[in-house]
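Here is a set of short exercises to work through with a model open on your screen. Try each task before you read its solution.

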Amino acid sequence: MGSGHQGFLRDCARAISEKDSSKIHHLLWMLNELASPYGDCDQKLAFYFLQALFCKATESGQRCYKTLTSVAEKSHSFDSARKLILKFQEVSPWTTFGHVASNGAILEALEGESKLHIIDISNTLCTQWPTLLEALATRNDETPHLKLTVVVTASLVRSVMTEISQRMEKFARLMGVPFEFRVISGLNHLGELTKEGLGVQEDEAIAVNCIGALRRVEVEQRATVIQMFQSLHPRVVTVVEEEGDFSSSRNDFVKCFEECLRFCTLYFEMLEESFVPTSNERLMLERECSRSIVRVLACEDDIGGGDCERRERGSQWSERLKEAFTPFGFSEDVVDDVKALLKRYRAGWSLVLAQGDNSGIYLAWKEEPVVWASAWKP
Amino acid sequence: MTEEVISNGLTQNSSGGSNPTPMKKKRNLPGNPDPEAEVIALSPKTLMATNRFLCEICGKGFQRDQNLQLHRRGHNLPWKLKQRTSKEVRKRVYVCPEKTCVHNHPSRALGDLTGIKKHFCRKHGEKKWKCEKCSKRYAVQSDWKAHSKTCGTREYKCDCGTIFSRRDSFITHRAFCDALAEETARVKAASNINNAAAGNINYHFMGAPVGSSMAQHFSSIFKPTISANDDSGDPMRRLSLWMGQGSQGHDLISNNLPEIHQIGPVSSSAIYGDPLVSSSNPPPSNYPSNWDFGNKLSSNNVEEITSTTHPLTNVKDVGNQVLSVPSLFSTQHYSHQTPSSNMSATALLQKAAEMGATTTDPSFLGSFGLKNINNQIQDGNKYCGLYGANSIASGLGSDVESSVHDLSALNQFQMYPSKRRHIQNEDGTGGGQTRDFLGVGIQSICHPSSINGWI
């Protein structure tokens, strides 16, 4: 942090906010000279943030975002998505942290129930569930029946859900877990979900699993969505989000920019240290992040599509969730499991418990909290 | 037979009835005590006391009866006080003092004092010992020690050839691996073909011995390979146990171990490729080639995959196909499972764990959906080619047949699931190996030659 490039980036953001044309031009030109998506971290960040700044300055954010998304969709397939997510999970606990914590809470909250219904609102391609299925199969004498309803919001994920469902069903059979799988996609807004729409039955024990999904809800609609969760009468709600605040500063471009830069710098550095230099997967993840950057910095909020990307910190989400739920602490066993998980990765990762009024646990990368995981009950 | 008398509710419906062959007398399994035995209920305090055995001469206390006896000899007792009293002849079994525990009831008492102590400690005691590497906690120090030795040394190998050092990533990979997709496709393909009553075709699929299919299937579920530390001295023995055969198994295995190492690269780039295809020499196939895996499947109707040349050719590929064919049997088995049928993959996987510890425990085979094997034999359906004289497997058929009958005898024995979390071998044996169902060390890829035999 704090390299020459970042200084230019910030100056440019300020110039845009002040509408200082000549300065904007000058800085954009400078950044263009320095930036490269194939260089080191600084150069990459410069490149992707330059893209967003340019879009902001020229008010072409929405068009750019749509183009970037459509390009990504074209090169996207089940194989590529699977390879990407599994590789990422192999080299970094960024996503597996949330999976392990959530599965632990879900298993504990639904212990003893014979009919489980997990409503998975995420874009994790169901990579969270094999270990849960295995746990259900081996933990108890009586293996419960599991119904998994996946609510997909990202278009990239939607296209591969057929294959995913096949794999999940086969795997559940392999594990000997009676299993039912359903995908819900095409929603405009999570708030549209209903008990009936989700197929919630009276005799089911419900768990709502929300991984990186709340940030994709438009800020003004987040309270509604949480109320919708409440209406499902779940035994447990697990929420995992990345620790950044692109929400409270959304009307202050420079402030939002700074926070975005801070977060993405951590993310890019983490990616660089986790993958091999020639990794194609890392490149894909960087590009995915860059789409978020354009979306947050250069697009109007209400363009729809269920991909708002305005992250909030754990403490902010907690405030919202406390309106409808109470914290369900992670047990010692779950915390131990998460710690054991982190040990299996390279050094640099640690678990931090939330302090004071806050609840949940944080995944920290070099002492910086980057992912927040929490569990809630009615 | 005493075994029948004391088999408990869990397996009662599977004992005797459908089994026409005479049962062999087997050693009682943990928790199925001899009804003649004396049931002893100790309080937790007494149970955990370290010096239960007191010398009547000097009052000194000892942890074990053997120690006490050794000590007593030192008193130079002049007459038969040295000898065991007749009371000793009567076997003792112990119940667990924890009221909510299954072993609290005399019918599920354990025969070994050390065993019940360990059980009580493990299940109901405080877990004071913690593994540094994986944070797993243990109540019994010896369990913790045993675990620490092997923690992190295991490797998990997927059918596709990729090796993992982490179990969780192995599980996740397995769920998405193409090898899984193909296996089930082949199962479906086979079942459809069989349903079409194409007699000859049966042998191509079913020639694989039951044991190897079981073994293979479990290898495809999360067994680790033999780790460097695994003193498997007897991988052969274990595998042959799985295969339900005697020396036959050994020959087959030894012929094939070299092949295993050639299967599949380790690099991740191969994960999603299909190593099977790349190394197979597809022989001509008799089967329809119009199968379209992707399209035929829907989330409601995964059962309806029809056949394809692709998996079938792989079946015939000696080197690699075995990875899939054997699972044919077991997956077929699963696809007919109803949720209420509790001897499903769950129990099977759990048995696999016990395999690791009790290598000669034949009960494993008995637990493996034996009901279905029996039914199928009796029904004379597609599987009977496996057991009958027309099995192409070189001599395997008859071996399997006899071992199957043996297996049926074991059907009634009580099986103990070993849980992943509170995992303990309830009879006190096995130490760290049965911590989870990965306890089986064998990578039973060792059966390509069995296919060799009948192709």
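The exercises below deal with a predicted model and go from ring pairs to buried cores.

**Exercise 1. Classify the pair formed by the rings of Phe88(A) and Phe275(A), and say which parts of chain A it ties together.**

Solution. Start with the total: over all chains, the structure holds 14 aromatic pairs. In this one, the ring centres are 6.0 Å apart and the planes meet at 20°, so the pair is stacked. The cut-off behind that step is that planes under 30 degrees apart count as stacked. Next, place the residues: Phe88(A) belongs to helix H5 (residues 78–91), while Phe275(A) is in the loop between helix H12 (253–274) and helix H13 (280–298), so the pair links parts that are 187 residues apart in sequence. Finally, check the accessibility: both Phe88(A) and Phe275(A) are buried.

**Exercise 2. Do the same for Trp349(A) and Trp365(A).**

Solution. Take the geometry to begin with: the distance is 4.9 Å centre to centre and the angle between the planes is 45°, which makes a tilted pair. Then look at the strands: Trp349(A) lies in E7 (residues 349–353) and Trp365(A) in E8 (residues 361–365), so this pair ties together parts 16 residues apart in sequence. Trp349(A) and Trp365(A) are both buried.

**Exercise 3. Find the rings over which the charged ends of Arg295(A) and Arg166(B) sit.**

Solution. For Arg295(A), go to Tyr65(A): the charged end is 5.9 Å from the centre of that ring. For Arg166(B), cross to chain A, where its charged end sits over the ring of Tyr345(A), 4.3 Å from the centre.

**Exercise 4. Explain why helix H7 of chain A is described as largely enclosed.**

Solution. Count along residues 129–139: 10 of the 11 residues are buried, so the rest of the structure largely encloses H7. The buried residues include Trp129(A), Leu132(A), Leu136(A) and Arg139(A).

**Exercise 5. Which residues touch the most other members of the largest nonpolar core?**

Solution. This core has 111 residues, and Phe49(A), Leu53(A) and Leu297(A) touch the most other members. By element, H12(A) gives the most to the core, with 12 residues. Now follow Phe49(A): leaving aside residues up to four places away in sequence, its contacts are Leu9(A), Phe257(A), Cys260(A), Leu261(A), Cys264(A), Ile293(A) and Leu297(A). A second, separate core has 29 residues, among them Val151(A), Val208(A), Ile226(A) and Phe229(A).

How values were computed:
Residues are numbered from 1 along each chain as its sequence is written. Chains are lettered from A and ligands numbered from 1 in the order in which they are written. This is a predicted model: local features need pLDDT of at least 70, side-chain atom pairs count only at pLDDT 80 or more; totals for chains, interfaces and linings use all residues. Side-chain values use heavy atoms; hydrogens and water are left out. Rings of Phe, Tyr and Trp (its six-membered ring) pair if their centres lie within 6.5 Å; planes under 30 degrees apart count as stacked, over 60 as edge-to-face and the rest as tilted. Helices (H or I, at least four residues) and strands (E, at least two) are DSSP runs, numbered from the N terminus. Buried means under 20% relative accessible area, exposed over 50%, partly exposed in between (1.4 Å probe, protein chains only). A charge sits over a ring if NZ of Lys or CZ of Arg is within 6 Å of the ring centre and within 35 degrees of the ring normal. A nonpolar core is a set of buried Ala, Val, Leu, Ile, Met, Phe, Trp, Tyr and Cys residues joined through side-chain atoms within 4.5 Å. Contact means heavy atoms within 4.5 Å.
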